[in-house]
Amino acid sequence: VVPEMCTDGWVFEFTTKLIVASKAGNQTILETSTGAFALSVANSVIAFKVMTYNFGEVDVSETMDCDATYEVTVGKTGEAICLTLCKWEVGQETNSSATCEKKDPQCAYPPPLMPLSSFQMIQPGEISWGTGSVVNITDYQQTKGFVSLSFTLANVPYQHLWEDKSNHWGKLTFHLQGLLAALAKHVVTPERVQISPAMPALEANGTVFQATIIADHARACDVQAHLQYYISNGKELSETTFGVATTMTLDTVDSKLTDAGLFSIEIPGKPMPCISFGCRLSAPHQNLPEGAMCLGGGCEETCCEPAYSRKALPYVRPGTTTTTTTTSKYMDSFV
């Protein structure tokens, strides 16, 4: 079975079962095509490492016994990556009434140099099993995950949203949250959709959006598959379920948005540089490294200082220099 991983890089969790066959030797257990993460074992030490957009590499490890069976749980939140081992007694791993002996989680945290919301893993791409004879691997399952998407709305000018004279910024994001929650199925509520108008789309006279769907009570890959189906079930993007629903939503917000509609969409989403993200209520964040990236609904928390204005700052095209500064503390991550 080909393992799946659907995540925006903020939150995920998966479990797998390992039988340690040899104390000596190295073996990759799981790896990604992008270098986003790797689960491996070397001389009975199991290690998990992730590559983040803005923090670099973070890893965590734990020791295992030879000739033992473990249930391994690997998880990431906005604050840490953790590795938890649960050891089965010999012969009990297939006993449905038996339980394994769980060890304390081993966790690693990003250095306290940047906001927690920057602690986002790069997109994993394709996931594959490693090869070797040090461990035998079974029963992989993803148990938590978020879904990212990036889309462009044509003829919804970004500057018009920014100035917000008719409350389009608030109304549009509110209605789009409801639309994405409905299309995601699986009891995703609008409050669990994080969405931000991100930057101008000059070729479409429109706006690029970054969004994250927090799939609390569903398999993230099921939610992602639903969304991918709804952008493929028509000859043209505008004729798909997603395209038609978007046009109806825009008409609900303002019937004067002439020829507004879905111009393009990517699921999973496409990361973008923070320098291109429009910080509407505050200045760009001062503590990010050069080339900082973001993806999904957390872009505002990653790229911008905490909001300190109730009204939009004067519009400046994203990527140009502003002189606005702030001394306010950074907000907690939305995760």
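This passage walks through the charged pairs, one helix and a few backbone details of a predicted model.

A good place to begin is with the charged side chains. Side chains of opposite charge can pair when their charged atoms come close. Across the whole structure, the search turns up 6 salt bridges. One of them brings together Arg219 and Glu4, whose side chains meet at 3.3 Å from N to O. Arg219 sits in the loop between strand S13 (206-214) and helix H3 (220-230), while Glu4 belongs to the segment before strand S1 (12-20), so this pair ties together parts that are 215 residues apart in sequence. Both partners have some access to the surroundings: Arg219 is partly exposed at 37% relative accessibility, and Glu4 is partly exposed at 42%.

A second salt bridge links Glu62 and Lys103, with 3.6 Å between the closest N and O atoms. Glu62 is part of strand S5 (residues 57-63) and Lys103 is in the loop between strand S8 (101-102) and strand S9 (106-108), so here the joined parts are 41 residues apart in sequence. The partners are placed in their own ways, as Glu62 counts as buried at 13% relative accessibility, whereas Lys103 is partly exposed at 33%. Salt bridges also share partners in this model, and in that way Glu4, Arg219 and Asp222 are joined into one network. A further pair consists of Glu57 and Lys49, where the closest N and O atoms are 4.0 Å apart. Glu57 is partly exposed, with a relative accessibility of 44%, and Lys49 is partly exposed too, at 38%.

What surrounds a buried lysine that has no salt bridge, such as Lys76? This residue lies in strand S6 (residues 69-76). The nearest side chain of opposite charge, Asp8, is 7.3 Å away from Lys76. A salt bridge needs a nitrogen and a carboxyl oxygen within 4 Å, so that distance is too long for one. Backbone oxygens are within reach instead: the side chain of Lys76 comes to 3.1 Å from the backbone oxygen of Gly9, and one of its polar atoms lies 2.7 Å from the backbone oxygen of Phe119. Leaving aside neighbours within four places in sequence, the residues in contact with Lys76 are Gly9, Trp10, Val11, Phe12, Ile81, Phe119, Gln120 and Met121.

Strand S6 also holds Thr73, which counts as buried at 18% relative accessibility. Residues up to four places away in sequence aside, Thr73 touches Glu13, Phe14, Thr15, Cys82, Leu83 and Thr84. Between Thr73 and Cys86 there are 8.3 Å in space, C-alpha to C-alpha, and the two are 13 residues apart in sequence.

Helix H4 (residues 241-253) offers a clear view of how a helix can have two sides. It has 13 residues and reaches 19 Å from its first C-alpha to its last, close to the 18 Å expected at 1.5 Å a residue. An α-helix has 3.6 residues a turn, so residues three or four places apart point the same way. In H4, the buried residues are Phe242, Gly243, Ala245, Thr246, Thr249, Leu250 and Val253. They cover an arc of only 165 degrees around the axis, and this places them on the same side of H4. Met248 and Thr252, on the other side of the helix, are exposed. The cover over the buried residues of H4 includes strand S11 (135-154), helix H2 (168-184), H3 and strand S14 (261-266). Helix H3 thus appears twice in this account, as part of that cover and as the helix that follows the loop holding Arg219.

Finally, some loops carry backbone details that reward a look. Ile267 and Pro268 are joined by a cis peptide bond, with omega about -5 degrees. Pro268 is in the loop between S14 and strand S15 (272-273). Two residues other than glycine have a positive phi: Ser44, at about 70 degrees, and Asp67, near 55 degrees. Ser44 lies in the loop between strand S3 (37-42) and strand S4 (45-51), and Asp67 in the loop between S5 and S6. Their surroundings contrast, since Ser44 is buried with a relative accessible area of 3%, while Asp67 is exposed at 59% relative accessibility.

Definitions and conventions. Residues numbered from 1 in each chain as written. Predicted model: local features only at pLDDT ≥ 70, side-chain atom pairs only at ≥ 80, totals over all residues. Heavy atoms only, no water. Helix = DSSP H or I, 4+ residues; strand = E, 2+ residues; numbered from the N terminus. Buried < 20%, exposed > 50% of the residue type's maximum accessible area, 1.4 Å probe, protein only. Lys, Arg positive; Asp, Glu negative; His and termini not counted. Polar contact = N/O pair within 3.5 Å; in protein donor to acceptor, adjacent residues only side chain to side chain. Contact = heavy atoms within 4.5 Å. Expected span 1.5 Å × (residues − 1). Arc of directions from axis to C-beta.
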